[in-house]
Amino acid sequence: MRTTSILIPLIFLITISCSEKSGNKAGRKAAKIDFKETIHDFGELEFGGDGSFDFKFTNAGKSPLILDNVRSTCGCTVPEWTREPVNPSGTGSIRVIYDTHRVGAFSKTLIIYSNAANSPIRIFIKGRVLPSEENPADSVKTQ
């Protein structure tokens, strides 16, 4: 009886120890997404101007990185991203296009879902669209 009472806790501890080690090992071999920058400030943009920016990233992990989805918090911001797997040490990009026909200050978040150990990740854009010279009434509209 005494042997059984010692063996059960011992087996339990060994099981926990093994599962923690295998979890850490998988984490070290997983993909990892590293961005050169996670915030882009456009500053002031002209009405109808170029509201696009490319966020560059590197796969700092040991497995191919696959971006499953990139979601914007608003329909005025459209993401385009690398669809092919990014090998370890490889690079990719996420192009963010903001609709500059919306006058006023903006601050938008994009959420990147992937197979990376550090998923999901958020990136941000901000700036201010100036009213058009032809229609100063645009300055009343804000985003």
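Me: What makes Arg83 lie over the face of Trp81?
Reply: In this predicted model, Arg83 is placed 3.7 Å from the ring centre of Trp81. A charge sits over a ring if CZ of Arg is within 6 Å of the ring centre and within 35 degrees of the ring normal, and Arg83 is found over the face of Trp81.

Me: Why is the pair of Phe42 and Phe106 called tilted?
Reply: A pair of aromatic rings is described by the distance of the centres and the angle of the planes. Ring centres must lie within 6.5 Å, and stacked pairs have planes under 30 degrees apart, edge-to-face pairs over 60. The rule yields four aromatic pairs. For Phe42 and Phe106 the centres are 6.1 Å apart and the planes stand at 50°, so this pair is tilted. Its partners come from distant parts of the chain, 64 residues apart: Phe42 belongs to strand β2 (residues 39-45) and Phe106 to strand β7 (residues 104-114).

Me: Which residues form one aromatic cluster with Phe42?
Reply: Tyr98 and Phe106 form this cluster with Phe42.

Me: How do you know whether Phe42 is buried or exposed?
Reply: Buried means under 20% relative accessible area. Phe42 has 14%, and therefore counts as buried. Phe106, at 5%, is therefore buried as well.

Me: Which residues touch the most other members of the largest nonpolar core?
Reply: They are Ile33, Phe35 and Ile94, in a core of 26 residues. Strands supplying at least two residues each include β1 (33-35), β6 (91-98) and β8 (121-129). With four residues, β8 gives the most.

Me: What is Phe35 in contact with, leaving aside its neighbours within four places in sequence?
Reply: Among its contacts are Phe55, Phe57, Ile94 and Ile112.

Terms used:
Residues are numbered from 1 along each chain as its sequence is written. This is a predicted model: local features need pLDDT of at least 70, side-chain atom pairs count only at pLDDT 80 or more; totals for chains, interfaces and linings use all residues. Side-chain values use heavy atoms; hydrogens and water are left out. Rings of Phe, Tyr and Trp (its six-membered ring) pair if their centres lie within 6.5 Å; planes under 30 degrees apart count as stacked, over 60 as edge-to-face and the rest as tilted. Buried means under 20% relative accessible area, exposed over 50%, partly exposed in between (1.4 Å probe, protein chains only). A nonpolar core is a set of buried Ala, Val, Leu, Ile, Met, Phe, Trp, Tyr and Cys residues joined through side-chain atoms within 4.5 Å. Contact means heavy atoms within 4.5 Å.
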